[in-house]
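These are my notebook entries on one protein model with its ligand. I looked up the enclosed and open spaces first, then the ligand, then the backbone.

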Amino acid sequence: MYKIKLAVLVSGRGSNLQAIIDACESNRINAEVKVVISDKKDAYALERAKKHNIKNFFIDPKAFPNREEHEKAIAKIIDELQIDLICLAGYMRILTSYFVNKYKGKIMNIHPSLLPSFPGTSGQLDALQYGVKFSGCTVHFVDEGEDTGPIILQAVVPVKDDDTVESLSARILEEEHKIYPEAINLFANGKLKIEGRRVKIIK
Ligand code: GRF
């Protein structure tokens, strides 16, 4: 069976990347990570890619006059490798409309809250400070907004009275590592149908 080709975009430690690599290598999902691209030179995610002999690139945003030119350099790699799906995994940049439109319906992101609550870069802290009793994570398609695209999968975790950002983040992360590969596999198997804001999962 055909395995879809993934590009994973990262900026940091890459634990979601690792979960995706592991799911691919153990044949739990119909996908293979073809390339890992980072906007940070020292991202540990690049080391993870190297360990698994996966092509990896640091594309320095500072080497380009603007965001679009930076993305064009990324797009060149993606097109050359005939990538089927782009997975943002802790990629800390907002994509321009150029990139989002070029790969419409082919970019996913994982976010550590139950969207649309607590978008942005501090989803776990914001949930704690708000006082919600449950939080979780969301895999969604990427549109031009920040964490606003159509939702594919969500997982819920309880927020405990004595939680810190660290303990809540760890509980959420465990679920991230499950639902991101699962969402990728649904895509790989042609099971996701985007209808406006809703993503239907075909049985
Ligand atoms: C995760 O919490 C993810 O939800 C968010 O950034 C973090 C990335 O962690 N988008 P990692 O680099 O995958 O370990």
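Entry 1: the cavity. How many nonpolar, polar and charged residues does the lining of the largest cavity have, by class? Before answering, I note that the model is a predicted one. I counted three nonpolar residues, one polar residue and three charged residues in that lining. By name, the residues that line the largest cavity are Arg67, His70, Glu71, Tyr91, Arg93, Ile94 and Leu95. Since His counts as polar and Tyr as nonpolar, I read His70 as the polar member and Tyr91, Ile94 and Leu95 as the nonpolar ones. The charged members are then Arg67, Glu71 and Arg93. I recorded about 40 Å³ of space for the largest cavity. The structure holds one cavity of 30 Å³ or more.

Entry 2: the pocket. I next asked how much space lies in the largest pocket. The value I noted is about 730 Å³. The largest pocket is lined by 31 residues, and Gly90, Tyr91, Met92, Ile110 and Pro112 are the closest to its centre. I then sorted the lining of the largest pocket by class and found eleven nonpolar, 14 polar and six charged residues. At least two lining residues come from each of helix 1, strand 5 and helix 6 (165–188). Helix 6 gives the largest share of this lining, with four residues.

Entry 3: the ligand site. Which pocket does the space taken by the ligand correspond to? I found that this space is the largest pocket. Helix 1 (15–25) and strand 5 (107–111) are the elements that give two or more residues to the shell around the ligand. I listed the residues around the ligand as Arg13, Gly14, Ser15, Asn16, Gly90, Ile110, His111, Pro112 and Glu176. The shell divides into two nonpolar, five polar and two charged residues. Here I assigned Ile110 and Pro112 to the nonpolar class, and Arg13 and Glu176 to the charged class.

Entry 4: contacts and cover. I looked up polar contacts to oxygen atoms of the ligand. Arg13 places a polar side-chain atom 2.5 Å from a ligand oxygen atom. For Ser15, a polar side-chain atom lies 2.6 Å from an oxygen atom of the ligand. Asn16 makes its approach with a backbone N or O atom, 2.8 Å from an oxygen atom of the ligand. On its own the ligand has 370 Å² of accessible area, and the protein covers 86% of that area.

Entry 5: backbone geometry. Where does Pro116 lie? I placed Pro116 in the loop between strand 5 and helix 5 (123–130). The peptide bond that joins Leu115 and Pro116 is cis, with omega of about 15°. Phe118 also has its place in the loop between strand 5 and helix 5. I noted a positive phi of about 55° for Phe118, although Phe118 is not a glycine.

Note on methods. Residues are numbered from 1 along each chain as its sequence is written. This is a predicted model: local features need pLDDT of at least 70, side-chain atom pairs count only at pLDDT 80 or more; totals for chains, interfaces and linings use all residues. Side-chain values use heavy atoms; hydrogens and water are left out. A residue is near a molecule or strand if one of its heavy atoms lies within 4 Å of it. A polar contact is a pair of N or O atoms within 3.5 Å; within protein, one must be able to donate a hydrogen and the other to accept it, and residues adjacent in sequence count only if both atoms are side-chain atoms. Accessible areas come from the Shrake-Rupley method with a 1.4 Å probe; for residues, only the protein chains shown count as cover. On a 1 Å grid over the protein atoms alone, a cavity is a set of points where a 1.4 Å probe fits but cannot get out, and a pocket is an open set with protein on both sides within 12 Å along at least five of seven lines; lining residues have an atom within 4 Å of a point. A molecule sits in a cavity or pocket if more than half of its atoms lie within 2 Å of its grid points. Grid points are joined across faces, edges and corners, and a volume is the space filled by probe spheres set on the points.
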